[in-house]
Amino acid sequence: MKRRIASYLLLTIGLLTLIISSAYGQDGALVAQAERISGDEFTVTATTPKGAEVYAVSQPSPAMLNAIDEGLTALFAVARKNGYGRYLNYSDYTVFIAHPDRLKDADGRYSPDIAVGAAQYAGSVYDKGGYIFAAGMVISFNPGAFLIAEHSKDLNRVSDVVRFEGEHIVLYHNDRRRFLATQDHSKGGGHPILQ
C-alpha cells in the first residue's frame with residue numbers, strides 16, 4: 001500500500017513538473033520573441049485587474065493596467081457586436097510593454113512607438129530606412145500576445161492600441177477570411193477594423 005501511494009505521489013509530481021515546464025517553455029518562448037523584436041528585457045510581470053498578463057520593462061502604473069483592460073473591454077464589445085465569440089477573455093491576452101523608440105511623431109504629437117523591421121512595408125511611406133514605427137505589433141495569435149510602447153500620459157491611446165492590436169487576434173480566431181484581408185496595413189486600410 002505504501003509503495004502504491006509513493007508511486008502515485010511520484011507520478012503526480014512528475015505530471016505537475018511536466019505541466020509547469022511546458023507552460024514555462026511556452027511563456028519563455030513568447031518572452032524571447034518579444035525581446036528579440038523590441039531589443040528590451042521584460043523583467044517585470046503583472047496582471048491587469050481583469051486578468052490580462054503583462055510583461056514590462058518597468059513596473060506599469062495602475063492607470064496603465066486599467067487602460068489595457070479598457071482597450072480589451074472595448075475590443076470584446078465590438079467583437080460581440082460583429083458576432084464573434086472566441087478569444088473574448090482578458091486571460092486570453094498577454095501584453096508586452098516595451099521602451100518606446102520614439103516619443104513624438106513627425107508632426108510633433110506625443111506618440112510613443114516601437115521601431116520594427118519594415119518587412120512588407122519596405123518602400124512604402126511608412127518605411128524609415130528598413131524599419132517602421134508602430135504603435136503596437138501582434139507577436140502571437142495563440143496565445144494572443146502583442147507588443148506596445150510604454151506611455152507616461154495619454155492613456156486613452158494605450159486603450160486604442162490594445163483594442164486595435166486585439167482586432168487582429170479576434171479576427172484570426174473568429175473570421176480567418178477577414179483576418180487575411182486585414183492582417184497588415186501595407187496595402188491600405190487601418191483601424192478600427194471592427195465597427
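**View 1. Strand 1 meets strand 2 in this predicted model.** Strand 1 and strand 2 (residues 53-56) run antiparallel to one another, joined by four bridges. One pair to look for is A46 with V54, its bridge partner in strand 2. Zoom out a little and these strands turn out to belong to an open, five-stranded sheet with mixed pairing, ordered 1-2-3-8-7. Strand 1 (44-47) and strand 7 (136-141) are its edges, and each has a single partner strand, so one side of each has no neighbour in the sheet. From one strand to the next, the twist averages 20°.

**View 2. Helix 2 and helix 3 lie across strands of the five-stranded sheet.** Helix 2 (residues 62-81) lies across strand 1, strand 2, strand 3 (93-98) and strand 8 (144-149). Its direction makes an angle of about 135° with strand 3. Helix 3 (residues 155-174) lies across strand 3, strand 7 and strand 8, and runs at about 35° to strand 7.

**View 3. Helix 3, end to end.** With 20 residues at 1.5 Å each, helix 3 should span 28 Å, and the C-alpha atoms at its ends are indeed 28 Å apart. How much of helix 3 is buried? The count is 15 of its 20 residues, so the rest of the structure largely encloses this helix.

**View 4. Around R157.** R157 sits in helix 3. Is R157 buried or exposed? Its relative accessible area is 15%, and the cut-off for buried is under 20%, so R157 counts as buried. Here the side chain of R157 makes a polar contact with the side chain of S111, at 3.0 Å. Beyond its neighbours within four places in sequence, R157 touches Y110, S111, P112, D113, A135 and H151. Y110, S111, P112 and D113 fall in strand 5, which covers residues 110-117.

**View 5. The other sheet: strands 4, 5 and 6.** These three strands make an open sheet in the order 4-5-6, with antiparallel pairing. Strand 4 (102-104) and strand 6 (131-134) are the edges, and each has a single partner strand, so one side of each lacks a neighbour in the sheet. Ignoring direction, neighbouring strands here are turned by 35° against each other on average.

**View 6. Strand 5 against strand 6.** Strand 5 (residues 110-117) pairs with strand 6 in the antiparallel sense, over four bridges. V116 stands opposite I132 of strand 6, while A115 has F133 as its bridge partner. Which residues of strand 6 lie on its covered face? They are I132 and A134, whereas Y131 and F133 make up the uncovered one.

**View 7. The whole chain, with a caution about residues 2-25.** Stepping back, there are four helices and eight strands, and along the sequence they follow the pattern α-β-β-α-β-β-β-β-β-β-α-α. Of the chain's 195 residues, 41% count as buried. Among contacts between residues at least 6 apart in sequence, 57% join residues at least 24 apart. The average pLDDT is 83, and 82% of the residues score at least 70. Residues 2-25 are another story: pLDDT stays under 50 there, and the model has zero contacts for them beyond four places in sequence. Where pLDDT is low, predicted coordinates should not be read in detail.

Note on methods: Residues numbered from 1 in each chain as written. Predicted model: local features only at pLDDT ≥ 70, side-chain atom pairs only at ≥ 80, totals over all residues. Heavy atoms only, no water. Pairing = 2+ DSSP bridges. Helix = DSSP H or I, 4+ residues; strand = E, 2+ residues; numbered from the N terminus. Axes fitted to C-alpha atoms, helices over the stretch in contact; angles between N-to-C directions. Buried < 20%, exposed > 50% of the residue type's maximum accessible area, 1.4 Å probe, protein only. pLDDT = per-residue confidence, 0-100. Contact = heavy atoms within 4.5 Å. Expected span 1.5 Å × (residues − 1). Polar contact = N/O pair within 3.5 Å; in protein donor to acceptor, adjacent residues only side chain to side chain.
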